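Please take a moment to look over the model shown here before reading on. The paragraphs below then lead through a few of its parts, one after another.

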Amino acid sequence: MAAIHTDGLIDVLTDDLKKQIQTAYSKFLASRGLKARAGQKRMIAEVAKVIGNIPVDDKAQRLGENHVCVVEAGTGTGKTIGYLLAAIPVAKALKKKIILSTATVALQEQLLHKDLPEVLEHTELPMSFTLAKGRGRYLCINKVEQHLDSSASTGQIALYEDEQAMRLDPETETFYKHLLNEYASGRWDGDRDNLTEEIEDARWGPLTSDHLQCTNRRCTNFSACSFFKARRDLDQVECVIANHDIVLADLSLGGGAILPDPAEAIYIFDEGHHLAPKASNHFAFSLRIKSSSRWLNTLPKQHAQMLEQLGHPGVMSQYVEQTLRPGEDLKILLEQIHELVKPLMVNAENGRLRDRYRFAGGEVPEELRLMFKDAEYLAARLLTRHEMLLDLFREALDGEVGDIDKQLAEQWYPRLGLMVSRFQSITGLSKSFFRADDLKESPTARWVNLVESGIGHDFEFHSAPVSAAHMLQQHLWQNCFAAVVTSATLTALGRFDRVLDDLGLPADTPSHSLLSPFDHYNAAELYIPAMNAEASDPEAHTQAVCDFLNSELDSKAATLVLFTSWRQMRTVLASLDEKLNNSVLSQGDYSKNEILKRHRSRIDDGEGSIIFGLASFTEGVDLPGKYLTEVIITKLPFSVPDDPVDATMAEWIENKGGNAFMEWSVPMASVRLTQAAGRLLRTEQDTGRIVLLDRRVISRRYGRQLLDALPPFRRTVG
């Protein structure tokens, strides 16, 4: 298939391969009775051009850096078919794996059960594939059994003193037994997403494991493990459907630890606008000071109980003894940090503790910075000793340490894993707080939140990079064979500058914006009504929104009302006429999936339905045809002014001589506004109205830019 040049380089995108891609597309269209779409054809061509023209040597190793492309494909383009038909033949020619990464479980499921099978069936392109999810989506049998065993005795250990009582309440105990029985009987596969009932995070979290707690093949339940059952085919398939979090976790472990080796993989990031913020969150740290100090106070008792149960093995006793002094010193140091930061948290006007204190520019005062330097040193020593203890347990599980009981080692292994994880958090946060940022790179946001817990108020320290560009360059783009980043909304104000900067991609990265085939002008109206208040006046604007909705909302229609704050949404909901209120399905009352399910059911029954939602409802809401005929956007979706990450980014831009509002806030609002407006038209047959209750698009200079970045709806200004 590939041609070899005299210089040893391989020409992958040959005429034969181009013809194979064209033939596959023709077959797909013919078998589905579809017509070719201009945007879809162009997407196939552009993706194939980039990943098929990467210079490779005779071992198919990438040479050069022109290996990433960015494609914004408007709703209705058919981007999934576009990137699959381009990537599959090229990947097979190069013998590379495809990693399809999404931001949501819903799109993962769609790719798994609909899109990929459909493409393979109608194109006759052979490709094996499977789904990869993180451990957190799967039941850990060991964890369930340990919780149930601990609940039946008085020996359950509190790793965090501020966590709730150790004994399970009767309802939770019954529920855990139910889950175990469902899995044992084969009626459930252990995947949280396949449960028939919703389960809250607080209930589900204790039933899962992570790489530090999991004993892998050493576990007595390994052969029955739902996570490893799902993973067994991962190395054998040609295409892995993953998500951004798993990809980032794999890359942080060096790549190839969970997913295929990046150098042997073509990544396709669908919902690619989520990749940069997901990466920033992945490299963030947090630490509750008081609860961590109290937890450290419990460690000697936990260690003593562990040694007593294990019979005080010599080497382990030495390791434990070496943790006593640094553990006590770290506990005292955290208490001192708590007292040092307390004056910063006091509001000078009323003497009360403020909810948050942000360090301007991410710069930490010298005295506090040096305290965290000491904390990092002590936490690193404790981390090392606990990692050594963990290694001892691994050896015991392998039968290499005769004086440690294997069954007890298996029981204690996940508990030690939690300790290691906690020390990693303390080390990471402390290191972030004492090490100054590289002046050549974007800064790290650092702040303290006031939190209430069972031990009273606590100070929770946070750090997060305002940009993950450098991390993505280092861990992803430099290592992968090729990548495609795609979404319906990637440009900000019609330009790719913002997303390329956020992702750490060069300015000359091939970037293409493919227009939606929808007739936006004739299908939908963008209506900006007259309002008696500006959105910059929160109370007056909220009242104006109430007045508009009470007079204009149709209880018999299918409407989505989008808010930017809980406070405004709740205030408006309380002020609605009773008839309208009875038609509202509000975020917070039900899960998102349940709201959408009830909404569709009401519409199917001939009733009206109104959804009240926040930012999460601007994405992942697919209500075609009669299910949605009106979208009301109450306010332009600017970032919350006191968001620590955005505020630190704004300071950085201003300090460089830029205009943070125009360079950061307005482009981000543009992306979110486009996403919100994109909820209305989901198919070429859809029609309806978008109402924007924020006159700033008319009264402010930046308004024209925001409007022009939207699809070409016909406009009506009241």
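What follows treats one helix and then two single residues.

This is a predicted model, in which local features need pLDDT of at least 70 and side-chain atom pairs count only at pLDDT 80 or more, while totals for chains, interfaces and linings use all residues. Residues are numbered from 1 along each chain as its sequence is written, and side-chain values use heavy atoms, with hydrogens and water left out.

Helix H22 covers residues 644-655, where helices (H or I, at least four residues) and strands (E, at least two) are DSSP runs numbered from the N terminus. Because the expected span is 1.5 Å times one less than the number of residues, the 12 residues of H22 should span 16 Å, and the end C-alpha atoms are indeed 16 Å apart. At the N-terminal end, Asp643 caps H22, with a side-chain oxygen 3.2 Å from the backbone nitrogen of Val645; after the helix comes Gly657, whose phi is positive, near 90°. Among the buried residues of H22 (buried means under 20% relative accessible area, with a 1.4 Å probe and protein chains only) are Pro644, Met649 and Ile653, and what covers the buried residues includes strand S10 (444-453) and helix H23 (660-677).

Ala375, found in helix H13 (residues 366-397), is buried with a relative accessible area of 0%. Leaving aside neighbours within four places in sequence, Ala375 is in contact (heavy atoms within 4.5 Å) with Leu330, Leu333 and Ser430.

Ser609, in strand S17 (residues 609-613), is likewise buried, with a relative accessible area of 0%. Leaving aside neighbours within four places in sequence, the residues in contact with Ser609 include Ser555, Leu585 and His599.

Methods: Buried < 20%, exposed > 50% of the residue type's maximum accessible area, 1.4 Å probe, protein only. Polar contact = N/O pair within 3.5 Å; in protein donor to acceptor, adjacent residues only side chain to side chain.
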